[in-house]
Amino acid sequence: MEQKDMTVSPRILILGNSGSGKTWLANRLARHFAIPAIELDALHWMPGGFNLRRPPDDAKEAVQAAAREDGWIIEGVFGWLARQALPRATILVWLVLPEEECIRNLINRPIKSGEDPDARSALLQWCSEYRTRTNANSYAGHRDIHEAFTGEKHRLCTRDEIETFLSTVNRG
């Protein structure tokens with residue numbers, strides 16, 4: 001990885017399947033750079049749970065407003081929303097872990113606010129379909145975003161690769 005001038009706060013976009021570790025990585029990077037970590041879930045869903053979507057234009061505007069800031073880390077599975085931040089991103093990270101590992105991570109993580117057993121079951125099913133879905137929130141959608149991005153980008157496929165990336169950032 002080439003050395004970056006980090007006197008300017010980075011704008012990092014992290015994509016990946018549910019349970020791939022996007023939030024975990026975003027929080028560590030946010031602490032390192034002292035910039036906010038923003039979850040696309042919080043902008044996609046109405047407050048209080050995962051049952052009511054925010055109107056799409058409102059969600060897009062919220063992402064665009066966050067991306068106008070000087071430094072940030074925006075993470076999520078929603079490729080259609082991530083595209084709103086892409087023009088301002090300086091670094092793109094795509095986490096491509098096996099679905100089985102993502103499912104294990106989801107099973108082992110604490111229940112999120114607003115998540116009930118039915119929502120958890122639906123999330124596990126949705127996670128398992130990451131490579132077979134064909135929308136913007138899928139492997140194919142994320143691959144298209146990654147391939148089109150012309151800035152610094154990383155495709156991380158194992159926990160070891162994620163740890164190496166994080167340690168490189170921490171040293172840099």
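In which strand is the place of Gly16? Gly16 sits in strand β1, in a model that is predicted. This briefing covers the strands around Gly16, two selected residues, the salt bridges and the largest pocket. Five salt bridges are counted in the model, and the largest pocket holds about 690 Å³ of space.

**Strand β1 and its partners**

- Strand β1 spans residues 11-16 and is mostly covered, with six of its six residues buried.
- Arg11, Leu13 and Leu15 point one way from β1, while Ile12, Ile14 and Gly16 point the other way; residues on both sides are buried.
- Strand β3 (residues 72-76) runs parallel to β1, and five bridges join the two.
- Within β3, Gly76 is the bridge partner of Leu15.
- Strand β4 (residues 91-95) is also joined to β1 by five bridges, again in parallel.
- In β4, the residue opposite Ile12 is Ile91.

**Strand β5**

- β5 pairs with β4 in the parallel sense, over five bridges.
- Ile91 has Glu152 as its bridge partner in β5, and Ile91 also stands opposite Ile12 of β1.
- Side chains alternate along β5 (residues 152-156): Glu152, His154 and Leu156 point to one face and are buried.
- Lys153 and Arg155 point to the other face of β5 and are not buried.

**Gly16**

- Gly16 has a relative accessible area of 0%, so this residue is classed as buried.
- Leaving aside residues up to four places away in sequence, Gly16 touches Lys22, Gly76, Val77, Trp94, Leu95, Tyr130 and His142.
- One of these contacts, Gly76, is the β3 bridge partner of Leu15.
- Gly16 and Arg104 are separated by 88 residues in sequence and by 15 Å in space, C-alpha to C-alpha.

**His146**

- His146 belongs to helix α7, which covers residues 139-148.
- The relative accessible area of His146 is 11%, so His146 counts as buried.
- Beyond residues up to four places away in sequence, His146 touches Leu92, Trp94, Lys153, His154 and Arg155.
- Trp94 is a contact of His146 and also a contact of Gly16.
- Among the β5 residues that His146 touches, His154 points to the buried face, while Lys153 and Arg155 point to the other.

**Salt bridges**

- Side chains of opposite charge can pair when their charged atoms come close.
- Glu61 and Arg68 form a salt bridge through their side chains, at 3.0 Å from N to O. Glu61 is partly exposed, with a relative accessible area of 38%.
- Glu99 and Arg131 form a salt bridge through their side chains, at 2.9 Å from N to O. Glu99 lies in helix α5 (residues 99-108) and Arg131 in the loop between α6 (117-128) and α7, so the pair ties together parts that are 32 residues apart in sequence.
- Which partner of that pair is buried? Glu99 is, with a relative accessible area of 10%, whereas Arg131 is partly exposed at 39%.
- Arg159 forms a salt bridge with Glu101, and their closest N and O atoms are 3.1 Å apart. This pair links distant parts of the chain, with Arg159 in helix α8 (residues 159-171) and Glu101 in helix α5, 58 residues apart.
- Arg159 has 28% relative accessibility and counts as partly exposed, while Glu101 is buried at 18%.
- Arg143, Asp144 and Glu147 are linked in a network of salt bridges.

**The largest pocket**

- Rolling a probe the size of a water molecule over the atoms shows where empty space is left.
- The lining of the largest pocket is made up of 30 residues, and those nearest its centre are Ser18, Asp41, Arg109, Leu123 and Trp126.
- Elements giving two or more residues to this lining are α1 (22-33), α2 (40-44), β3, α5 and α6.
- Which element gives the largest share of the lining? Helix α6 does, with four residues.
- By class, the lining has 12 nonpolar, 10 polar and eight charged residues.

Note on methods: Residues numbered from 1 in each chain as written. Predicted model: local features only at pLDDT ≥ 70, side-chain atom pairs only at ≥ 80, totals over all residues. Heavy atoms only, no water. Buried < 20%, exposed > 50% of the residue type's maximum accessible area, 1.4 Å probe, protein only. Pairing = 2+ DSSP bridges. Contact = heavy atoms within 4.5 Å. Salt bridge = Lys/Arg side-chain N within 4 Å of Asp/Glu carboxyl O. 1 Å grid on protein atoms, 1.4 Å probe; cavity = no way out; pocket = protein on both sides within 12 Å on 5 of 7 lines; lining within 4 Å. Points joined across faces, edges and corners; volume = space filled by probe spheres on them. Nonpolar A, V, L, I, M, F, W, Y, C, P; charged D, E, K, R; others polar.
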